[in-house]
Every structure is written in structure tokens, then in C-alpha cells.
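Below is a colleague's note on one protein model, set out as numbered points. Please read it with the sequence and the coordinates open beside it.

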Amino acid sequence: MKTRASKHAMKKRIGILGAGLALVLSGCMVFGSFFVSAHENISDQSTYYKSIKIQPGDTLWDIAEETMTSKYDSVPEYVQALKDMNNLDSDDIQAGQYLMIVYNDTDI
């Protein structure tokens, strides 16, 4: 009688262990595929920031046209990004000021 009960208990433990192992493996496969897809979406471009000194006659729009990256769809969008980055309330800039701009390593 004892052997039959211990065999039944052993089968039950093996079943629980197998189910747990299957759950762990399926979780690894699911989360592993998420990690792979996340890495596949990483762009080859890195974004950098630098400060430029405003020269006499420079306008925010001229600077935006010269330094706009492929991340932005239009000059007005990039002008707004420059204003946001530099805490500017208007398009007015002065010679001698410094302006933070964004660029990609492929734009260098």
C-alpha cells in the first residue's frame, strides 16, 4: 500500500514539476521575443546636442534650415523644437547668444 501511494505522489510531483518547467519555458520564449523585437527597432542613428553661437544676421529659421535633421518633417516643426529646447518664447534671437541644436551622427 505504501509503495502505491508513494508512486502516486511521485507521479504527481513530476507532473507539477513538468507543468512548472513548461510554464517557465513558455514565459522565456514570449519575453525573449519581446526583447528581440525591441532591439530590432533601435535606429542606427544617435542623437546629439551641441551649442552654437549666434552670429550677426542669423535667424532662428535660417539656423533651422541649415541644421534640421531627418527626424523632423518640416522646418516649422524643427523651429518649434529649437524653441522648446532653448526655452524661447519667440523666434527672436540675438548675436552672441548660444543656441542648443540637435543633430544625428550621420549629419556630421
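The points that follow go from the overall fold to one helix pair and then to two single residues.

1. The model is predicted, and the comments here should be read with that in mind. Its secondary structure amounts to 3 helices and 2 strands, and these elements follow one another along the sequence in the pattern α-β-α-α-β.

2. On burial and surface, 19% of the 108 residues in the protein are buried. The protein exposes about 8,400 Å², and carbon and sulfur atoms supply 59% of that area.

3. On the range of the contacts, if one takes those in the protein with a separation of 6 or more, 66% of them join residues that are 24 or more positions apart.

4. The helix pair deserves its own point. Two packed helices are described by the angle between their axes and the distance between the axes. Here helix 2, which covers residues 60-67, packs with helix 3, residues 75-85, at an angle of about 110 degrees and with the axes 9 Å apart. Because angles of 65 to 115 degrees count as roughly perpendicular, helix 2 is described as roughly perpendicular to helix 3. The crossing in which helix 2 passes helix 3 is right-handed.

5. Which residues in helix 2 and helix 3 meet? From helix 2 the contact takes in Leu60, Trp61, Ala64, Glu65 and Thr67, while from helix 3 it takes in Val75, Pro76, Tyr78, Val79, Leu82 and Lys83. By class, the residues of this contact of helix 2 with helix 3 divide into 8 nonpolar, 1 polar and 2 charged.

6. Is Lys83, a residue of helix 3, buried or exposed? Its relative accessible area is 14%, and since buried means under 20%, Lys83 counts as buried. Leaving aside residues up to four places away in sequence, Lys83 touches Leu60, Leu88, Asp89, Ser90 and Asp91; of these, Leu60 belongs to the helix 2 side of the contact described above.

7. A backbone check is suggested by Asn87, which lies in the loop between helix 3 and strand 2 (98-104). Most residues other than glycine have a negative phi. Asn87, however, has a positive phi of about 55 degrees although it is not a glycine. As to its surroundings, Asn87 has a relative accessibility of 68%, and because exposed means over 50%, Asn87 counts as exposed, whereas Lys83 in helix 3 is buried.

Terms used: Residues are numbered from 1 along each chain as its sequence is written. This is a predicted model: local features need pLDDT of at least 70, side-chain atom pairs count only at pLDDT 80 or more; totals for chains, interfaces and linings use all residues. Side-chain values use heavy atoms; hydrogens and water are left out. Helices (H or I, at least four residues) and strands (E, at least two) are DSSP runs, numbered from the N terminus. Buried means under 20% relative accessible area, exposed over 50%, partly exposed in between (1.4 Å probe, protein chains only). Contact means heavy atoms within 4.5 Å. Accessible areas come from the Shrake-Rupley method with a 1.4 Å probe; for residues, only the protein chains shown count as cover. Axes are lines fitted to C-alpha atoms, for helices over the stretch in contact, and angles run from 0 to 180 degrees between N-to-C directions. Angles under 35 degrees count as roughly parallel, over 145 as roughly antiparallel, 65 to 115 as roughly perpendicular and the rest as oblique. A crossing is left-handed if the near helix is turned anticlockwise from the far one by less than a right angle, and right-handed if clockwise. Ala, Val, Leu, Ile, Met, Phe, Trp, Tyr, Cys and Pro count as nonpolar, Asp, Glu, Lys and Arg as charged, and the others, Gly among them, as polar.
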